[in-house]
Amino acid sequence: MVVRVLFRAVIMGPPGSGKGTVSDRIRKTFELKHLSSGDILRANVNAKTEIGLLMKSCIDQGQLVPDDIITRLILVELRNMGQSSWLLDGFPRTVRQAEALDDAYNINTVINLDVPFQTIKERLTSRWVHLPSGRVYNTSFNPPKITGLDDVTGEPLVQRDDDTPETVTKRLKAYETQTEPVLEYYRSKGVLEIFSGTETNKIWPHVHTFLSRKLAPGNHKAAGKA
């Protein structure tokens with residue numbers, strides 16, 4: 001389905017919620033441009049841009065990157081897209097960022113993937129990696145032929161620090177604390193849509209149906225502002 005009206009959406013969800021998969025399906029199905037804040041941040045750090053160096057300095061010192069720096073970076077990228085419909089992933093993460101985004105664009109819909117933390121925890125802590133190749137295994141649904149060993153080389157698999165049970169629990173709690181005010185902000189504006197479930201393939205049809213209806217001719221007002 002081709003989007004024929006100007007449509008701006010945000011997708012939210014904790015790490016391991018299937019946000020990347022759903023975002024990719026939305027992009028392909030509805031031909032929206034997909035903008036990932038994580039990709040933009042990494043690109044700027046790698047390219048050693050002025051903002052990238054500033055962000056790296058904050059990260060290296062264990063500090064949060066200030067709202068105004070991230071906001072400036074994202075808004076520049078969105079302006080570069082011109083009059084396009086897009087899906088924004090990974091931003092905003094604070095109410096201040098959400099307010100700055102609202103000042104520049106009318107956000108039509110905020111899609112929130114509500115996956116139980118226990119499901120995410122099981123999903124992430126089951127993930128093992130062969131570091132030299134980057135091959136990823138999951139003991140729940142994509143296990144190696146021999147436990148603990150890479151299928152191709154037979155070398156040991158490792159679990160990333162981010163995927164240990166303790167770290168996953170901390171990440172999920174931090175996400176909840178940080179983003180709950182943002183969800184409340186969008187709920188108060190009447191644009192928040194919550195999709196709950198434990199499997200991406202079962203959540204996706206509901207997202208697809210909602211967006212198909214939302215983008216049907218006559219059901220949508222063109223976004224103002226930028």
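In this predicted model, the side chain of Arg135 makes a polar contact with the side chain of Asp150, at a distance of 2.9 Å. Arg135 belongs to strand β6, which covers residues 135-138, and its relative accessible area of 29% places it in the partly exposed class, since that class lies between the 20% limit for buried residues and the 50% limit for exposed ones. When neighbours within four places in sequence are left aside, the contacts of Arg135 comprise Trp128, Val129 and His130 together with Asp150, Val152 and Thr153. Arg72, by contrast, is separated from Arg135 by 63 residues in sequence and by 35 Å in space, taken from C-alpha to C-alpha.

The protein as a whole contains eight helices and seven strands. Its radius of gyration is 19 Å, close to the 17 Å that the globule rule gives for 226 residues, and the protein is therefore as compact as a globular protein of that length. The C-alpha trace spans about 55 × 40 × 30 Å along the principal axes. Of the 226 residues, 42% count as buried, while the area exposed by the protein amounts to about 12300 Å², of which carbon and sulfur atoms supply 52%. Among the contacts with a sequence separation of 6 or more, 72% are accounted for by residues 24 or more positions apart.

Five of the strands are assembled into an open sheet with parallel pairing, in the order β2-β3-β1-β4-β7. The edges are occupied by β2 (33-36) and β7 (192-196), each of which has a single partner strand, so that one side of each is left without a neighbour in the sheet. From one strand to the next, the twist averages 20°. Helix α1, formed by residues 19-30, packs on this sheet and touches β1 (8-12), β2, β3 and β4 (109-114), its direction making about 160° with that of β1.

Strands of a sheet pair through backbone hydrogen bonds, in either a parallel or an antiparallel arrangement. At one edge of the present sheet, β2 runs parallel to β3 (residues 86-89) and is joined to it by four bridges, with His34 having Leu87 as its bridge partner in β3. Strand β3 is in turn joined to β1 by four bridges, again in the parallel sense, and here Ile11 stands opposite Asp89 of β3. On the β4 side, β1 pairs in parallel over four bridges; Val10 stands opposite Val110 in this pairing, and Ile11 stands opposite Ile111. The series is completed by β4 and β7, which run parallel and are joined by five bridges, with Leu113 placed opposite Phe195 of β7.

The burial of two of these strands was examined further. All five residues of β1 are buried, so the strand is largely enclosed by the rest of the structure. In a regular strand the side chains alternate between the two faces of the sheet. In β1, Arg8, Val10 and Met12 point one way, whereas Ala9 and Ile11 point the other way, and all of them are buried. Strand β4 is likewise mostly covered, with five of its six residues buried.

Ser85 lies in the loop between α4 (67-80) and β3. With a relative accessibility of 10%, Ser85 counts as buried, because the value falls under the 20% limit. A polar atom of the Ser85 side chain lies 2.9 Å from the backbone nitrogen of Phe7.

A further set of buried residues is found in helix α6, which is formed by residues 117-125 and whose buried members are Thr119, Ile120, Leu124 and Thr125. These buried residues of α6 pack against strand β5 (127-130) and helix α7 (165-188).

Terms used: Residues are numbered from 1 along each chain as its sequence is written. This is a predicted model: local features need pLDDT of at least 70, side-chain atom pairs count only at pLDDT 80 or more; totals for chains, interfaces and linings use all residues. Side-chain values use heavy atoms; hydrogens and water are left out. Two strands pair if DSSP finds at least two bridges between them. Helices (H or I, at least four residues) and strands (E, at least two) are DSSP runs, numbered from the N terminus. Axes are lines fitted to C-alpha atoms, for helices over the stretch in contact, and angles run from 0 to 180 degrees between N-to-C directions. Contact means heavy atoms within 4.5 Å. Buried means under 20% relative accessible area, exposed over 50%, partly exposed in between (1.4 Å probe, protein chains only). A polar contact is a pair of N or O atoms within 3.5 Å; within protein, one must be able to donate a hydrogen and the other to accept it, and residues adjacent in sequence count only if both atoms are side-chain atoms. The radius of gyration is taken over C-alpha atoms; the globule rule is 2.2 Å times the number of residues to the power 0.38. Accessible areas come from the Shrake-Rupley method with a 1.4 Å probe; for residues, only the protein chains shown count as cover.
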